[in-house]
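Reader: I should be grateful for a close look at a single part of this protein, namely one loop and the residue with unusual backbone geometry in it. Please set that part in the context of the whole chain.

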Amino acid sequence: MGQGLSSCTANDENGVFFSAIQFGDIDTVQSMLEKDPSLLNQSTVYDRHSPLHVAAANGQIDIVSLFLDRSVNPDVLNRHKQTPLMLAAMHGKFSCVQKLIQAGANILMFDSLHRRTCLHYAAYYGHSDCLQAILSAAHSSDVAVSWGYARFVNIRDGRGATPLHLAARQKRPHCVHILLDNGALVCASTGTYGTPGSTPLHLAARGGSMDCIRELLAWGADRLHRDSSGRIPYMVALKHRHGACATLLNPSSAEPLVWPSPLKFISELNQEAKELLERALMEANKEREKSILKGTAFSTQSPSHSNVDLDDNISEASDTELCCICFEQLCTIEVQDCGHQMCEHCTLALCCHNKPNPTTACLTAPVCPFCRCNIGQLVVAKIKTTDDIDLQDQRDLASSSLLRKSRRTRNFSEGSSSFKGLSGVGSISKLGGGGRGSGRVAAENEWIDKP
Ligand SMILES: [Zn+2]
Ligand SMILES: [Zn+2]
């Protein structure tokens, strides 16, 4: 936070007061207020920030609390009709965002610059904790009743941009993820009344963030949507020289696996199971990317199998812990109510689809592959093996190349046998390079016969 907020105050007293707020000198703030309570009604000269604006923007939570306790209006406006909540969200001052929301700050206010809300600000500046706090507030507030939660998540600014557009443009993959998870429309267009506009995928292509593009594609973003200039996201990425992004966005590149969000049990997944499956999906798509980016043949590529330790680990596991579809991975997901278990990769194979191929799309909810009963819920399997315990650590250490290699290997070994037993998911089998023995296997028709 710069000095700018308090640099142009009307007089010395104001200057001292706003400086004290900015730097968190609560004693000075308090003693000045004792002498002159009207200071609370002052504002900075140019931007007309109130004391609460300055405190919130600088993350001075004690001073924010002090002001709110003195019944300062939490929705006081500055020159640009920005609220203290917008400034706190802009600067990522999470505790101030929380405090202001608790104090009843209105999350549905629009500034006069671009008609943006606090949700736009949090998304634009990439403060996912603030974003989440605002979304949680929207869930439980009048906004959900009067406006509808989904409408709030997809709220447009003066140029038609939703928070998802802004997060994608500003390369904020975590915010993109949270927004999609909360019902943001992946194919929302900035065009109004049916006129062509940009989708979040166009803006991600403009920004050049591979992670944002991955998230959007995994949620079913359309690579063929044209913006107001008639360009598809691929052309936008090319124009701005984001070569790798362009490769992913090229409509002739293989489609990624798409998260089957419409399925009822997926939307009701518990957090743990969901994270596991989402991670498996991202891994599968990254494998696909690797092939695309290398320019090698997609379906026949075999991974290198250098990680012997991992195979040893798996072979130590007892039969009951092994997934009975692929016989390679450990069971991590349990189907309820029947209690059958399988690995997350086989679960994905059951639930996900490759978008462009309508014959493989799961139009109805899948059933348990073992007993054909309806899947009421998917939960994380209770059996704790060393491998399960390591999952969280592995994710935290994703930058370690050794681990990454080992997980890729596991991920790749998903394909072969898991898809054979399942109907309606044929084309995904391309994702699997083969089983554990696929290092020996070169051609697609060979691994089909492997156990
Ligand atoms: Zn499996
Ligand atoms: Zn079952």
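Author: A residue is counted as exposed if 12 or fewer other C-beta atoms lie within 10 Å of its own C-beta, and as buried if 20 or more do. In this predicted model, R241 has 9 C-beta neighbours inside 10 Å and therefore counts as exposed. The residue sits in the loop between helix 15 (233–239) and helix 16 (243–249). Its phi is positive, about 60 degrees, although R241 is not a glycine.

A second arginine offers a parallel. R48 also has a positive phi, near 55 degrees, and is likewise a residue other than glycine. R48 belongs to the loop between helix 2 (26–35) and helix 3 (51–57). With 15 other C-beta atoms within 10 Å, R48 is partly exposed, whereas R241 is exposed.

The annotation gives further context. An unreviewed UniProt entry lists "repeat: ANK" for residues 47–79, 80–112, 159–191 and 196–228. Residues 47–79 are 48% helix and 0% strand, with end C-alpha atoms 5 Å apart. For residues 196–228 the helix content is 52% and the strand content 0%, and the end C-alpha atoms again lie 5 Å apart.

A further backbone feature occurs at Q336 and D337, which are joined by a cis peptide bond with omega of about 20 degrees. D337 is in the loop between strand 2 (333–336) and strand 3 (341–342).

As for the whole chain, the protein contains 24 helices and five strands, and 43% of its 451 residues count as buried.

Definitions and conventions:
Residues are numbered from 1 along each chain as its sequence is written. Chains are lettered from A and ligands numbered from 1 in the order in which they are written. This is a predicted model: local features need pLDDT of at least 70, side-chain atom pairs count only at pLDDT 80 or more; totals for chains, interfaces and linings use all residues. Helices (H or I, at least four residues) and strands (E, at least two) are DSSP runs, numbered from the N terminus. UniProt positions are given in the numbering used here, feature names are shortened, and annotations may be inferred rather than shown by experiment.
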